[in-house]
Amino acid sequence: MALIVKKFGGSSVATTEKILNVAKRVLGEKQPGDKIVMVVSAMGDTTDDLIALAEGINKNPYQYTREMDMLLTTGEQQSIALLSMAFQTLGHPAVSLTGPMAGMKTNSVHTKGRIVDITPERVHQELDKGNIVVVAGFQGADEFGNPVTLGRGGSDTSAVALAGALKADTCEIYTDVDGVYSADPRIVKGARKMKEITYHEMLEMARLGAGVMQPRSVEMGEYFHIPIHVRSTFTTTPGTIIREDYTMEDKDFVIRGVAHDEKVAKIAVLGIPNTPGIAHEIFSALADANIDVDMIVQSIRNIEKNVTDMVFTVAASDLAQAKKVVDGVADKLNAVAVLIEEDVAKVSIVGAGMLGNPGTASRMFGALSKVGINIDIISTSEISISCLVKGSQLKEAVNAIHDEFFPNK
């Protein structure tokens, strides 16, 4: 007897046939006395289709952030209604709840919302009635009742946060891959599935581009101490457990994996005053616009004139808005120019093991050098090293680094 939260992504519920298969699988695995909460994403490419509809009205629909949230939340509502019908068709009572109905309370930052509280009384009530509760992921409501979405991959965050609030025994994330790999198996043929990975390492992998989990969902798992099992919708084999620490021999790896992110862009602000407060002026303006900045490099451009260049990266989806913000600040600072480069990608290595292994960085740089790949920007954290490279060289870069740290046996 357990309380289990199961999240199924868009590819898992892409068609009515797949929705019925999900319902059959859940009922087939359900033990007597188990309480099941489902969290689901929109069907297949529904979110992209809804965005395309909005773009038919305005080429830049995200300037109307509240209305975009009103539109996008309808995708998950399709899924929860159909999945609830599927359970009932198969003879088990079920009820669908939107994010707000399940008690998901967010801030008011539309399209990039954050969960501020969860009050899942309605979920408990429905479970006590014997229902499987099917909750819309990716969404909540602010204090005024406005719909707010949680950003791409937000259904993961919904699921783990709800599992924490319900004090669930575990949270299972079902996706189109069968676990977390040492690299994207679609790019690296020799990628290895991990049996376990720590919250800290998985958070860093997700933050640096590993698309299997949204970073905030991992943060929620660590906060609530909820084990997260990432597994495949289409097989019954065990996946990868994300937890506090390892229990097996996986500790022996120097790094845990190679992550990459091709959805980035580089912005360079050239010829700005090399004086205190300049960096704050640029990055506070970006923060006010809710734009995350990642890799940052400042260099002295002209010592005699006391000017410098500031180079940083942002998500490709934020580029248009970021350039608008930066152009405004650059005009105030009398910058020489603002340059944009979109053919870039970030490749990273992650692992707590590198803390006690000098030379990890040189091995990464050497692997890139051997295949003739130049490094544009380097950034580091306690357990990661990231390099910005040409986007056209991304696949070669990921494979070269993976071969260095995970040689074929």
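In which handedness, right-handed or left-handed, does α8 pass α9 in their crossing? In this predicted model, the crossing of α8 past α9 is right-handed.

**The pair α8 and α9**

Helix α8 covers residues 278-288 and helix α9 covers residues 319-333, and their axes come within 9 Å of each other while crossing at roughly 150°. Since angles over 145 degrees count as roughly antiparallel, α8 and α9 are therefore roughly antiparallel to each other. On the side of α8, the residues that take part in the meeting are Ile278, Glu281, Ile282, Ala285 and Leu286, and in α9 they are met by Ala322, Val325, Val326, Val329, Lys332 and Leu333. Sorted by class, this contact of α8 with α9 holds nine nonpolar residues, two charged residues and no polar ones.

**Helix α5**

Helix α5 is made of the 13 residues 154-166, which at 1.5 Å a residue should span 18 Å, and because its end C-alpha atoms are 18 Å apart, the expected span and the modelled one agree. This helix is mostly covered, with twelve of its 13 residues buried; among them are Gly154 and Ser155, Val160 and Ala161, and Leu166. Just after α5, the residue Lys167 takes a positive phi of about 55°.

**Two single residues**

Ile4 lies in strand β1, which runs over residues 3-8, and it counts as buried because its relative accessibility is 12%, where the cut-off for buried is under 20%. Leaving aside residues up to four places away in sequence, Ile4 touches Asp34, Lys35, Ile36 and Val37, and also Thr170 and Glu172.

Gln63, by contrast, lies in a loop, the one between α2 (46-57) and α3 (65-89), and with a relative accessibility of 46% Gln63 counts as partly exposed.

For each of these two residues, a separation along the chain can be set beside a separation in space, taken from C-alpha to C-alpha.

| Pair | Apart in sequence | C-alpha to C-alpha |
|---|---|---|
| Ile4 and Gln125 | 121 residues | 16 Å |
| Gln63 and Gln321 | 258 residues | 9.4 Å |

Gln321, the partner of Gln63 in the table, falls within the residue range 319-333 of helix α9, so that the loop between α2 and α3, where Gln63 lies, can be viewed together with the pair of helices described at the start.

Technical notes: Residues are numbered from 1 along each chain as its sequence is written. This is a predicted model: local features need pLDDT of at least 70, side-chain atom pairs count only at pLDDT 80 or more; totals for chains, interfaces and linings use all residues. Side-chain values use heavy atoms; hydrogens and water are left out. Axes are lines fitted to C-alpha atoms, for helices over the stretch in contact, and angles run from 0 to 180 degrees between N-to-C directions. Helices (H or I, at least four residues) and strands (E, at least two) are DSSP runs, numbered from the N terminus. Angles under 35 degrees count as roughly parallel, over 145 as roughly antiparallel, 65 to 115 as roughly perpendicular and the rest as oblique. A crossing is left-handed if the near helix is turned anticlockwise from the far one by less than a right angle, and right-handed if clockwise. Contact means heavy atoms within 4.5 Å. Ala, Val, Leu, Ile, Met, Phe, Trp, Tyr, Cys and Pro count as nonpolar, Asp, Glu, Lys and Arg as charged, and the others, Gly among them, as polar. The expected span of a helix is 1.5 Å times one less than its number of residues. Buried means under 20% relative accessible area, exposed over 50%, partly exposed in between (1.4 Å probe, protein chains only).
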